[in-house]
Amino acid sequence: MAKFEKEMEAAIAAKFGFSKSKSNDILNFIEAHIKQCVKDGKDVQWTAFMKITKVSRAARSGRNPATGETINIPAKDYVRVKVSPSFTDMINE
């Protein structure tokens, strides 16, 4: 578990009086739910924080820079994360 996750686990436990185990279960549920939503093509918008979107990139041709050979790059889905302007403003105060 990463340091931030441990900090969140402890903060949830302290704020709501949960055990660290229950707090960890809550964090795991939130993570899994966000991942499943994005996988299903749903945008995840966390107001005043961020928006997570699944984006599809079409197949295309490219060039190998070492050999100059033309290659086919397959289609791929990726995740775009956009931080809200209010969050950006808050960290710059």
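User: What pattern does the protein follow along its sequence, and what makes a stretch a helix or a strand?
Analyst: The pattern is α-α-β-β-β-β-β-α. That comes to three helices and five strands. Helices are DSSP runs of H or I with at least four residues, strands are runs of E with at least two, and both are numbered from the N terminus. The model is predicted: local features need pLDDT of at least 70, side-chain atom pairs count only at pLDDT 80 or more, and totals for chains, interfaces and linings use all residues. Residues are numbered from 1 along each chain, and side-chain values use heavy atoms, without hydrogens and water.

User: Why is glutamate 5 called partly exposed?
Analyst: Its relative accessible area is 33%. Buried means under 20% and exposed over 50%, with a 1.4 Å probe and protein chains only, so a value in between is partly exposed. Glutamate 5 lies in helix 1 (residues 3–16).

User: Which residues does glutamate 5 contact, leaving aside neighbours within four places in sequence?
Analyst: They are Leu27 and Glu31. Contact means heavy atoms within 4.5 Å. For glutamate 5 and leucine 27, the C-alpha atoms are 8.0 Å apart, across 22 residues of sequence.

User: How do you know how the protein's radius of gyration sets against a compact globule?
Analyst: The protein has 19 Å, while a compact globule of 93 residues would be near 12 Å. The radius is taken over C-alpha atoms, and the globule rule is 2.2 Å times the number of residues to the power 0.38. The C-alpha atoms fill a box of roughly 60 × 35 × 30 Å along the principal axes.
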